[in-house]
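Thanks, everyone, for making the time this morning. I would like to walk through one model with you, element by element, and I will put it on the screen now.

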Amino acid sequence: MSRNARTVQDPSPTTPADGRRTALRICPLCEATCGLTLTVEGTRVTGARGDRDDVFSRGFICPKGAAFGALDGDPDRLTRPLVRRDGVLREASWDEAFDAVAAGIRPLVERYGPNAVGVVLGNPNVHTMAGALYPPVLLSTLGTRNLFTASTLDQMPKHVSSGLLFGDPMAIPVPDLDRTDHLLLLGANPLESNGSLCTAPDFPGRLKALRERGGRLTVVDPRRTRTADLADRHLAIRPGTDALLLAALVHVLCEEDLTDLGRLAGYVEGVAQVQDAVAEFTPEAVADACDIEAATIRTLARELAAAPTAAVYGRIGTCTVEFGTLASWLVDVLNTLTGNLDRPGGALFPLSATDRAPRPAAPGKGFALGRWASRVGGHPEVKSELPTVALAEEIDTPGEGRLRALVAIAANPVLSAPDGDRLDRALAGLDFMVSVDPYLNETSRHAHVVLPPPPPAQSAHYDFAFNALAVRNQARYTRGAVPLQDGALDECEIHARLILAVSGMHGAPPHAVDDMVIERALGKAVTDPHQAVPGRDPKELAALLTGETGAERRLDLMLRLGPYGDGFGADPEGLSLARLLDHPHGIDLGPLTSRLPQVLRTRSGRVELLPAPVAADLPRLRGALDRDPDGLVLVGRRHLRSNNSWLHNVPVLNRGSNRCTLQIHPEDAARAGITDGANVRVKGAGGEAEAPAELTETVRRGVVSLPHGWGHDRPGTRTPVASATPGTNSNQLLDGTLLDPLSGTAVLNGVPVLLTPSGPEPEETL
């Protein structure tokens, strides 16, 4: 593995006479993880620009990163804990807050058992160092099976398909953007989102580079997005039919003998079974359902097969639909059958610096679904999680095993999950709730204790999750750019003290949590023959760890034992925390490389191309071939200045094109008597909402679009900027009954809706 570290000078060795200085920070506001150079005056971040020396982002920055200082200095962020007294949340000391947590949760666990407590992890959780390191310890300590995360509102289908195909739900192949010759992109708009499950700073520049080197870009999306405008071909598919299109592409490859596994041939089983499984999904059979001509489907399949290299990439538009897991599975079936899985220019498995050190290829335990089920709805467990749509019923349905307490970490499911009104009512009935959140938002307003982390400039940052999904292997770490302010606690310490409070160890020093994790990890490492430290003394190794905090010592441990690590001295050129600190702009570890069969953990030790749960779900997809198209369906969308609900209180990010409008095609609007800018009532299975109409031909006929994450109109919050322009909560149109059955993911896109103009009833309703 390449370790092309760039030697650079300390970017801020002195402070200029005017008191300003610069400091480096990795942006935590989306999955691109761009390097930033911050301008700091005293303790205030006054500017942010792209770090031109960052080994990964090379100076790229988007509007969110440029607004880092405004977010960091938001005056509405909570600075002290809140504790509910006499029904009112009041400021309290940290000791009082953790005393309240221990007194509120431990008695419930002791009386009703660990499953009386639920844990909800939100999207921002994965963007912090603390959020990666401590929730697994919290869950292990609590012993609860009631875990709900943003994954079942977003990406769980990809985890399930990867688990079934490769035996590991975290083994997600990403498109090799910088070397591919043909990219087929479905349900993704990276020019607005900056990419997802594919960590790639300057995604727009990488797509333009693909075109400039003679490559081809095909975008499948019911909206003509900015990404679609960049493409060679845009297919305005009918929402929710991506799996049908993908199945037809697989059919053509098999029918026309265009499959070529190449070096994968010895690692794949089930090719003939897949061919039989897609026999009915001819281009002619799916054309009407997808609203894409059969000839176009055949041409696309042939182009994929003929390209020197190609990658198929599907994201949220293919995940948050009724066939989300089948679509995610078919993406990698296409990558496999064209020989592009695990080869440069295709779809490759990243190797993160904090991943486990590679070990010899061997069969594994495989991936199982439904090891337990939710109490009320009987929803099967997936990757130790239950569907977030089941959270409300687990709280408000009486009976033994009812959820009585909740720990919410960086989560706002009242806005992000279907039927937020029911969840809003359910949260009010909890015996106890604690939120780790910098804002008093639509969810945390129900908490009995709110624990606010400090602004991001005051926190260290390492991307554990996103480096495992990056289009180039690299490692970067930044310490806090600004010292912790008086009265603030480091976010890692907040999490550690929370773990101690709920585990019966309240009052123990926070470093006890990190010491326990380090002791256990080293105890396993010294007995593992595939590690670099077998037979060594764990205490001796622990003494060699460096770092100013427990979190830094844990990072040092993971780096040293990882695939590029120094093995505690075994490889002087290997990674460690000290080496990362010596390279503040990061260390480049080289392009992605082929990793099969080493990554496989299936029981067969091979890629299992037609897993039994997928085969069992295919009849449901066949049933969609004869379904009459819905009259009008809703899809979401993303703005470049937004990320779900958690950036709407920053004025600079809450203006311009960042608008919560209902986009509708002019012909659909004319039939319903809807005019541009007029308010429109939207009715779905879960309720009604109102939004201003935006007439545009960028959405195909039969489709309307509302952005995700809005609806800041509930009382009791302290986000005045967001509340001043609340927008419409699209999820309130959903009742939460529509799920992808294999992953438990909520169906958020392609759902039927009815429109009427606000005011007098129109003559015609769509």
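Let me begin with a question: in which sense do strand β16 and β17 pair, and over how many bridges? Strand β16, residues 405–409, and β17 pair in the parallel sense, over 5 bridges, where two strands pair if DSSP finds at least two bridges between them. Before going further, I should say that this is a predicted model, in which local features need pLDDT of at least 70 and side-chain atom pairs count only at pLDDT 80 or more, while totals for chains, interfaces and linings use all residues. Residues are numbered from 1 along each chain as its sequence is written, and side-chain values use heavy atoms, with hydrogens and water left out. As for the element names, helices (H or I, at least four residues) and strands (E, at least two) are DSSP runs, numbered from the N terminus.

Staying with β17, residues 432–436, 5 of its 5 residues are buried, buried meaning under 20% relative accessible area, exposed over 50%, and partly exposed in between, with a 1.4 Å probe and protein chains only. Both faces are covered, with F432, V434 and V436 on one side and M433 and S435 on the other. In a regular strand, the side chains alternate between the two faces of the sheet. In the pairing with β16, A405 stands opposite F432. β17 also pairs with strand β18, residues 449–451, in the parallel sense over 3 bridges, and there V434 stands opposite V449.

Next, a sheet of 4 strands, which is open, has the order β12-β11-β10-β14 and is parallel in its pairing. β12 (233–235) and β14 (311–314) stand at the edges with a single partner strand each, so one side of each is left without a neighbour in the sheet. On average, neighbouring strands of this sheet are turned by 15° against each other, direction ignored; axes here are lines fitted to C-alpha atoms, for helices over the stretch in contact, and angles run from 0 to 180 degrees between N-to-C directions. Strand β11, residues 216–220, pairs with β12 over 3 bridges, and V220 stands opposite L235 in β12.

The other open sheet I want to show has 7 strands in the order β29-β22-β26-β23-β25-β24-β30, and its pairing is mixed. At its edges stand β29 (751–752) and β30 (754–757), each with a single partner strand, so one side of each is left without a neighbour in the sheet. The mixed character can be followed strand by strand: β22 (residues 633–635) and β26 (residues 703–705) pair in the parallel sense over 3 bridges, whereas β24 (residues 679–684) and β25 (residues 687–695) pair in the antiparallel sense over 6 bridges. A hairpin joins β24 to β25 through 2 residues, and the bridge partner of V682 in β25 is A689. β24 is also joined to β30 by 4 bridges, and these two run antiparallel.

Turning to the helices, which residue caps the N-terminal end of α20? That residue is D490, a side-chain oxygen of which lies 2.9 Å from the backbone nitrogen of C492. α20 (residues 491–503) has 13 residues and reaches 19 Å from its first C-alpha to its last, close to the 18 Å expected at 1.5 Å a residue, the expected span being 1.5 Å times one less than the number of residues. Of its 13 residues, 12 are buried, and just after α20, G504 takes a positive phi of about 90°. In α23 (residues 550–561), 10 of the 12 residues are buried, so this helix is largely enclosed by the rest of the structure.

Helix α10 (residues 242–255) and helix α15 (residues 324–337) pack at an angle of about 25°, with their axes 9 Å apart. That makes α10 roughly parallel to α15, since angles under 35 degrees count as roughly parallel, over 145 as roughly antiparallel, 65 to 115 as roughly perpendicular and the rest as oblique.

Finally, some backbone details. The peptide bond from L596 to P597 is cis, with omega near 5°, and P597 is found in the loop between β20 (587–591) and β21 (607–608). R58, although not a glycine, has a positive phi of about 55°, and at 47% relative accessibility it counts as partly exposed. D419, another residue other than glycine, has a positive phi near 50°, but at 18% relative accessibility D419 counts as buried.

How values were computed:
A polar contact is a pair of N or O atoms within 3.5 Å; within protein, one must be able to donate a hydrogen and the other to accept it, and residues adjacent in sequence count only if both atoms are side-chain atoms.
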